[in-house]
Amino acid sequence: MPTYITREVSKIWRRIILEISVEVPLLIEKWPYIIFGLIFQYIHGLGARVAYYLHRPGPLLHDVGFELLPELGLENAHISESLFATIFVSFFLWTFHPFVFYNKRFYTVILWSKVLSVLVISQMLRVVSFMATQLPGPNYHCREGHATATLPPPHSIKEVLLLNFPHGVLYGCGDLIFSSHMTFALTFCHTYCKYGTKVWIKRGGWVVMVVLSLLIIASRKHYTVDVVIAWYISHLAFATLVLLTKNATERVPVLSGQQLLPVNNRVGKDVRTKDEWQMNGNSENLASDWRQRMPLNGKPLDTGSPTAIEVVLNSNR
């Protein structure tokens with residue numbers, strides 16, 4: 001093996017070990033949120049399974065999206081699933097890229113705790129919605145005349161709890177309002193827009209969200225209303241989490257369009273929350289040592305005080 005390849009592999013391995021040593025303490029701290037979020041994915045699947053038992057096929061509802069978009073047909077129904085799988089895998093890999101690359105802007109454990117929290121909020125509303133009102137499924141295997149449109153009564157509780165994985169998860173009926181695929185995809189898109197760095201990916205991500213929405217409707221997997229509701233529910237759930245984790249008393253002074261955080265202990269205490277420090281890739285024990293440094297006419301300013309900045313500005317006039 002060439003020397004430069006060995007050197008690069010060694011660097012990547014050291015990087016992975018370093019990230020693990022940092023992430024494990026965070027995982028020990030945040031594991032209840034991670035475990036609850038993962039367990040709720042099963043609870044959400046259990047609710048969808050019960051909705052399948054309650055589903056009653058009937059005539060398709062009038063839908064504007066069905067009239068405007070051509071039907072892809074059963075043979076092309078995999079297109080939307082393939083696009084969703086690409087989004088899911090890409091986002092998952094991106095959340096672990098700090099283990100390999102050096103452009104760290106967040107901690108993976110903190111990021112996934114937030115993502116799962118948003119999903120739990122959205123899925124709670126989703127379960128309540130499709131359990132409260134049953135709509136005739138527009139998907140091909142959910143229509144009248146198909147043997148898979150309804151499930152026979154379970155012979156044991158085991159049939160319900162096992163969810164008939166994975167077929168029962170991928171091919172369900174009755175859990176329509178609102179789209180689960182769009183909920184996941186939009187949550188991933190919101191997360192990258194907040195913590196990602198590539199502007200072209202952020203803009204392209206919203207284009208992909210629109211394309212996925214149209215494909216889901218064209219595949220007749222959801223009514224248009226299911227996709228529309230998913231758009232604003234996901235946004236509201238993400239915004240709600242941001243508000244809940246944000247310090248309501250935080251006030252950051254602004255001068256010339258730049259934030260001046262009062263981090264010097266003699267001037268003021270840094271009021272950013274612990275999660276905000278961690279999400280920005282800052283270690284908690286370095287918080288007291290971080291200072292806002294703004295060069296003015298070649299003169300570094302280490303106090304972090306807006307008053308001191310005004311003095312320097314006035315002295316140069």
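This passage walks through the helices of a predicted model, with a longer stop at one helix pair and the loops beside it.

Taking the whole chain to begin with, there are eleven helices and two strands. Read from the N terminus, the order is α-α-α-α-α-α-α-α-α-β-β-α-α, so nine helices come before the two strands and two helices come after them. The chain has 317 residues, and buried ones make up 40% of them. As for who touches whom, take the contacts with a separation of 6 or more: residues 24 or more positions apart account for 80% of these.

One residue of α1 gives a taste of such contacts. Helix α1 covers residues 3–54, and arginine 15 lies in it. Is arginine 15 buried or exposed? Its relative accessibility is 9%, and because the cut-off for buried is under 20%, arginine 15 counts as buried. Leaving out residues up to four places away in sequence, arginine 15 touches Pro98, Phe99, Val100, Phe101, Tyr102 and Lys104.

Next comes a pair of helices, α3 (residues 78–95) and α4 (residues 108–132), whose axes come within 10 Å and cross at roughly 140°. What does that angle make them? Angles over 145 degrees would count as roughly antiparallel, and this one does not get there, so α3 and α4 are oblique to each other. On the α3 side, the residues that meet the partner are Phe91, Phe92, Trp94 and Thr95; on the α4 side they are Thr108, Leu111, Trp112 and Val115. Sorted by class, this contact has six nonpolar residues, two polar ones and no charged ones.

Further along the chain sits α7, and the loop leading up to it deserves a look. Phenylalanine 178 is in the loop between α6 (167–170) and α7. The peptide bond that runs from isoleucine 177 to phenylalanine 178 is cis, and its omega is near 5°. For background, most peptide bonds are trans. Serine 179 is in the loop between α6 and α7 too, and with a relative accessible area of 0% it is buried. Not counting residues up to four places away in sequence, serine 179 touches Arg126, Ile216, His222, Asp226 and Ala230. Serine 179 also reaches towards the start of α7: one of its side-chain oxygens comes to within 3.2 Å of the backbone nitrogen of methionine 182.

Helix α7 itself takes up residues 180–195. With 16 residues, it reaches 23 Å from its first C-alpha to its last, close to the expected 22 Å. Most of α7 is covered, with 13 of its 16 residues buried. Helix α8 (residues 199–218) has 20 residues and spans 29 Å, again from first C-alpha to last, which is close to the 28 Å expected. The buried residues of α8 are Gly205, Met209, Leu212, Ser213, Leu215, Ile216, Ile217 and Ala218. What do they pack against? Their partners are α2 (64–68), α3, α7 and α9 (224–245).

How do α7 and α8 sit together? Their axes are 10 Å apart, and the packing angle is about 175°. Because that is over 145 degrees, the two helices are roughly antiparallel to each other. From α7, the residues in this contact are His181, Met182, Ala185, Leu186, Cys189, His190, Tyr192 and Cys193; from α8, they are Ile201, Lys202, Gly205, Trp206, Met209, Leu212, Ser213 and Ile216. By class, the contact divides into eleven nonpolar residues, four polar and one charged.

Cysteine 193, one of the α7 residues in that contact, is a handy place to zoom in. At 24% relative accessibility, cysteine 193 counts as partly exposed. Once its neighbours within four places in sequence are set aside, cysteine 193 is in contact with Lys202 and Trp206. From cysteine 193 to glycine 205 is twelve residues in sequence and 8.6 Å in space, C-alpha to C-alpha.

The last stop is just after α8, at arginine 220, which is in the loop between α8 and α9. Its phi is near 60°, a positive value in a residue other than glycine. As a rule, most residues other than glycine have a negative phi. Is arginine 220 buried or exposed? At 5% relative accessibility, arginine 220 counts as buried.

Notes. Residues numbered from 1 in each chain as written. Predicted model: local features only at pLDDT ≥ 70, side-chain atom pairs only at ≥ 80, totals over all residues. Heavy atoms only, no water. Helix = DSSP H or I, 4+ residues; strand = E, 2+ residues; numbered from the N terminus. Buried < 20%, exposed > 50% of the residue type's maximum accessible area, 1.4 Å probe, protein only. Contact = heavy atoms within 4.5 Å. Expected span 1.5 Å × (residues − 1). Polar contact = N/O pair within 3.5 Å; in protein donor to acceptor, adjacent residues only side chain to side chain. Axes fitted to C-alpha atoms, helices over the stretch in contact; angles between N-to-C directions. Parallel < 35°, antiparallel > 145°, perpendicular 65-115°, else oblique. Nonpolar A, V, L, I, M, F, W, Y, C, P; charged D, E, K, R; others polar.
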